[in-house]
Amino acid sequence: MAHINDNYLKLKAGYLFPEISRRVNAFVEANVSADVIRLGIGDVVKGIPRPIVDAMIEATEEMAHDESFQGYPPDQGQEFLREAIAEHDFAARGVNIGIDEIFVSDGAKCDSGNLQEIFAEDCVVALTDPVYPVYCDSNVMAGRTGEADEDGSYAGLVYMPCTAANNFTPKIPTGHVDIIYLCSPNNPTGTVMTREAMAEWIAYAKKEQAVILFDAAYEGYITDESIPHSIYEVEGAREVAIEFRSFSKNAGFTGIRCGYTVVPKELKGRAASGEEVDLHRLWARRHSTRFNGVAYPVQRGAAAAFSPAGRQAIQEIIAFYLENAAIMREKLRAIGITIYGGEHAPYLWLETPEGHDSWGFFDYLLNEAHVVGTPGAGFGAAGEGYFRLSAFNHRDKINEAMERISRL
Ligand code: MLT
């Protein structure tokens, strides 16, 4: 019999969101008439903007003709898309990113889960707690941890608790780590990192020769000009940071799939021989070996997201979801719930009301209000006592969910 990767057996439960779906489906089966409102997984509900869809339709039509047909896409993504990314996501904010430093992919989830592969098994990994589960679970699968304890914390990982007590700001480790996952605007807490906080992390990473894996999938939701959209807006980041971006939460590509990762040429790691190695070279090798690119029509659609009409439509969608978040904050505060986030992110992070732990509150909301959220403990031990609500839904559903919760 083939030996399995035993590291998978260390994983505590199913992946968080399928686990929630399983519980919700069981509830719906037992309560067929219940009108369940889903504010759990951060999946968008608004249609993809027309200029983006039109670009995809046109590109799909091109595929029908020998003269314009496209086969395998270029390894790192189409140049027209990488040029648009470099110009609008970076140059427009004063950041110089070469198009050969951009790797177009099927999304930030996949890249943030896969990137650990280019590092050695004995690298020490630091994670915020709570954390987007992909960062943690992918390192467990890769064998960088021991077993989990009762709270679901894995031996060998350096956890940086982020709670109301420290204003959800991860404390820089006192010892050495090799890989640091940071996410701003943060999933799940909805809070943001300031420029000063990023500068401190960059200084620490330089000192420790560590690499920061910076997830900026929600940067489109930042409404305060002083908050950086990219870690590269902060001096020195090119030498220590890799950044993940996504078209999911802005252009509505959760089902279409497109994102990208930036690996600057300055970034180095060390081989067992002691030699310094370009991380860009390793990621390029990994990407070209294991990935065959994003569909041409999808890349055309992603590029159209940067057109004036595409950008305008995206701004309107983001404003809509942020307005949902504002409504939720107001209604929940009015009934005495303490809330964080939701200002620069589509997520609200609530303190669970007295007498409820986070899974208990999940069951309570599902059973009594038929509203689905995400238990904070599902994102890590320090998420216990918290609960995440997503603002991704239609306005009538948001209003109805708030009404039902207010009536409890
Ligand atoms: C979430 O709900 O945390 C996200 O939707 C998950 C994801 O983007 O993969």
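**A cavity between two domains**

Domain 1 (6-47 + 309-407) and domain 2 (53-307) each contribute residues to the lining of the largest cavity, so this cavity lies between them. The model examined here is a predicted one. A helpful idea to keep in mind is that rolling a probe the size of a water molecule over the atoms reveals where empty space is left. With a lower limit of 30 Å³, the count comes to 1 cavity, and the space in the largest cavity is about 40 Å³.

The walls of this space can be followed residue by residue. The lining of the largest cavity is made up of V44, K46, G47, P49, K249, N250, A251, G252, I317 and Y321. Two elements, α7 (248-251) and α10 (308-334), give two or more residues each to that lining. Of the elements, α7 gives the most, with 3 residues. In chemical character, the lining of the largest cavity divides into 5 nonpolar, 3 polar and 2 charged residues.

The next step is to look at the two domains themselves. The domain assignment of the protein gives domain 1 as 6-47 + 309-407 and domain 2 as 53-307. Their C-alpha centres, those of domain 1 and domain 2, lie 24 Å apart. The contact takes 37 residues from domain 1 and 51 residues from domain 2.

How much area is buried between domain 1 and domain 2? The size of an interface is often given as the accessible area lost when the parts come together. For domain 1 and domain 2, the buried area is about 3500 Å², and carbon and sulfur atoms give 63% of this area. On the domain 1 side, K10, Y15 and H344 supply 21% of the area that domain 1 buries against domain 2, more than any other three residues.

Charged pairs offer another view of the fold. How many salt bridges does the rule find across the interface of domain 1 and domain 2? The count across this interface is 0 salt bridges, while the count for the model comes to 23 salt bridges. One salt bridge is formed by the side chains of R93 and E225, at 3.7 Å from N to O. This pair links distant parts of the chain, with R93 and E225 132 residues apart. R93 sits in the loop between α3 (79-90) and β2 (102-105), and E225 in the loop between β6 (211-215) and β7 (241-246).

Finally, the backbone holds a few details to look for in the structure above. As background, most residues other than glycine have a negative phi, and most peptide bonds are trans. The peptide bond from D129 to P130, however, is cis, with omega near 10°. P130 belongs to the loop between β3 (125-129) and α5 (133-141). N187 and P188 are also joined by a cis peptide bond, with omega about 15°, and P188 lies in the loop between β5 (179-183) and α6 (195-208). N167 is a residue other than glycine with a positive phi, near 60°. This residue, N167, is found in the loop between β4 (158-161) and β5.

Note on methods. Residues numbered from 1 in each chain as written. Predicted model: local features only at pLDDT ≥ 70, side-chain atom pairs only at ≥ 80, totals over all residues. Heavy atoms only, no water. 1 Å grid on protein atoms, 1.4 Å probe; cavity = no way out; pocket = protein on both sides within 12 Å on 5 of 7 lines; lining within 4 Å. Points joined across faces, edges and corners; volume = space filled by probe spheres on them. Helix = DSSP H or I, 4+ residues; strand = E, 2+ residues; numbered from the N terminus. Nonpolar A, V, L, I, M, F, W, Y, C, P; charged D, E, K, R; others polar. Domains from an automatic or database assignment. Contact = heavy atoms within 4.5 Å. Buried area = accessible area lost by both parts, 1.4 Å probe. Salt bridge = Lys/Arg side-chain N within 4 Å of Asp/Glu carboxyl O.
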